[in-house]
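Hi everyone, thanks for making time this morning. I'd like to spend a few minutes on one ligand site, so let's put it up on the screen.

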Amino acid sequence: MTLPGDAVPRYDVSARLGTDYYAVFADVAGDDLAVWRRAQSFVDEVGGRMHAAWDAAEYPLDLVRRLGELDLLVDGVQHPAVTSFSPLAAGLVTMEISRGDGSLGTVVAVQGGLALRTLALYGSAAQQARWLVPVARAEVLAAFALTEPDHGSDSVSLETVARRGGDEWVLRGAKKWIGNGASGGITLVWARVDDASAPDHGQVRCFLVEQSAPGYTGTVIAGKGSLRGIHQAHIALDDVRLPADAVLPGSHTFKDASTVLYATRSGVAWSALGHATACYEAALQYAQQRTQFGRPLAKFQMVQERLAQMLEELTGMQLYCRHLADLETAGGLRPTQASLAKYHNTRAARRIASTARDLLGGNGILLEHGVMQHLADIEAIHTYEGTESIQALLIGRDITGMSAFV
Ligand code: FAD
């Protein structure tokens, strides 16, 4: 029996078009290009799987391990034990993986950007020898736990406590939204030291916790409408006992957690660019394939104007990202410059995804066309690593010299 649906035309809007109107990335060469190509091949290999994973809210660990095997999880982390990417290569990887799938883009941000970076910056020689390579290769999944149920934007006020007693630490508190926090691997927990006799009393430091430790409970957060293909956890730390050397000796204050977040904020700007590129390219292809009123959508003036607006914003995002990488390579990237790029790019990505969704009409809400998934995933990256308002406050403090954080 022929169903009416059999006659529905098929649209193929997933091809990579390589949009780069100002040739922003035309000079990428050598190792940077090789790494970029590797990320593209990975997306080509696994991209199709992620619609189903997103739909079913499944975290495909085999794909995470594949990212590790391909050495695509090292972000821009600099340590002799792991492969070094230039800031440009790290950004291109994040962009490309996010273009393919936002949940996997977030895996790169969590496993590499947050956890690996924290270990490389602050871990002891013994911690680094034990964990850096397994984390870089995704043989061990790793989490970075700063946010708490009652402290998100004001994570500086975190309440998780690390009590020092004799030869051990005892951790008590709760964390929320922690990527890989219920993966069976390790969690880098930021907690406030409670030891009135010690100089670090009251300071926020980082602790390496194996998730199998008694008292550690990670519960996957269910019911997400964004980034459904990666698991975040709500973590309870119920008097978790750790050896004295579980503290990362290089972590001394909350500023050390902020340093990690500044670095990964650039990554979110790149990730937004990946999402927006996918949405723009899908809209362009759909407008060329879909016929209404006897002509392709792309032949209507209003459609062309909207495509031009999307390209204008996308090109701006590309310029931000390229300049971020160039500033970082030259050693001159300031934290608030990364904030400005995150602020600009996640806002622009939201607008581009929304326009693309509309240009695909009813098909725009079908997961098979990709745009809806990106639209939903952008909502999470708009929030994490500091919300739009928090970035505005950081930038505002920088340009006025006055803090409005009260
Ligand atoms: P809130 O801080 O409660 O903010 C709610 C709203 O109030 C926002 O719009 C915010 O901009 C606004 N607001 C807050 N303060 C002000 C102010 N002073 N002025 C004006 N407006 C203000 N954290 C981790 O530690 N590790 C992770 O791996 C991790 N992964 C995450 C993954 C996902 C998918 C998500 C959604 C979050 C993740 N987070 C993680 C937490 C993330 O960093 C926080 O969600 C974020 O910092 C915002 O905190 P909040 O959700 O508590 O929102």
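Let's begin with where the ligand is. Domain 2, residues 142–252, and domain 3, residues 255–400, both give residues to the shell around the ligand, so the ligand lies between them. Please keep in mind that this is a predicted model. As for pockets, the ligand sits in the largest one.

Now, who is in that shell? In total, 18 residues surround the ligand, and the closest are Phe 144, Thr 147, Ser 153, Trp 177 and Thr 387. If you sort the shell by class, you get nine nonpolar residues, eight polar ones and one charged one. In terms of secondary structure, strand E3 (168–179) supplies at least two shell residues, and so do helix H9 (371–383) and helix H10 (388–400).

Let's zoom in on the polar contacts. Which backbones come up here? One belongs to Phe 144: a polar backbone atom there is 2.8 Å from a nitrogen atom of the ligand. For Trp 177, a polar backbone atom is also 2.8 Å from a ligand nitrogen. Then there is Gly 179, with a backbone N or O atom that lies 3.2 Å from an oxygen atom of the ligand.

And how much of the ligand does the protein cover? On its own, the ligand has 970 Å² of accessible area, and the protein covers 65% of that.

That's my tour, and I'm happy to rotate the view for anyone.

How values were computed
Residues are numbered from 1 along each chain as its sequence is written. This is a predicted model: local features need pLDDT of at least 70, side-chain atom pairs count only at pLDDT 80 or more; totals for chains, interfaces and linings use all residues. Side-chain values use heavy atoms; hydrogens and water are left out. A residue is near a molecule or strand if one of its heavy atoms lies within 4 Å of it. A polar contact is a pair of N or O atoms within 3.5 Å; within protein, one must be able to donate a hydrogen and the other to accept it, and residues adjacent in sequence count only if both atoms are side-chain atoms. Accessible areas come from the Shrake-Rupley method with a 1.4 Å probe; for residues, only the protein chains shown count as cover. On a 1 Å grid over the protein atoms alone, a cavity is a set of points where a 1.4 Å probe fits but cannot get out, and a pocket is an open set with protein on both sides within 12 Å along at least five of seven lines; lining residues have an atom within 4 Å of a point. A molecule sits in a cavity or pocket if more than half of its atoms lie within 2 Å of its grid points. Helices (H or I, at least four residues) and strands (E, at least two) are DSSP runs, numbered from the N terminus. Ala, Val, Leu, Ile, Met, Phe, Trp, Tyr, Cys and Pro count as nonpolar, Asp, Glu, Lys and Arg as charged, and the others, Gly among them, as polar. Domain bounds come from an automatic or database domain assignment.
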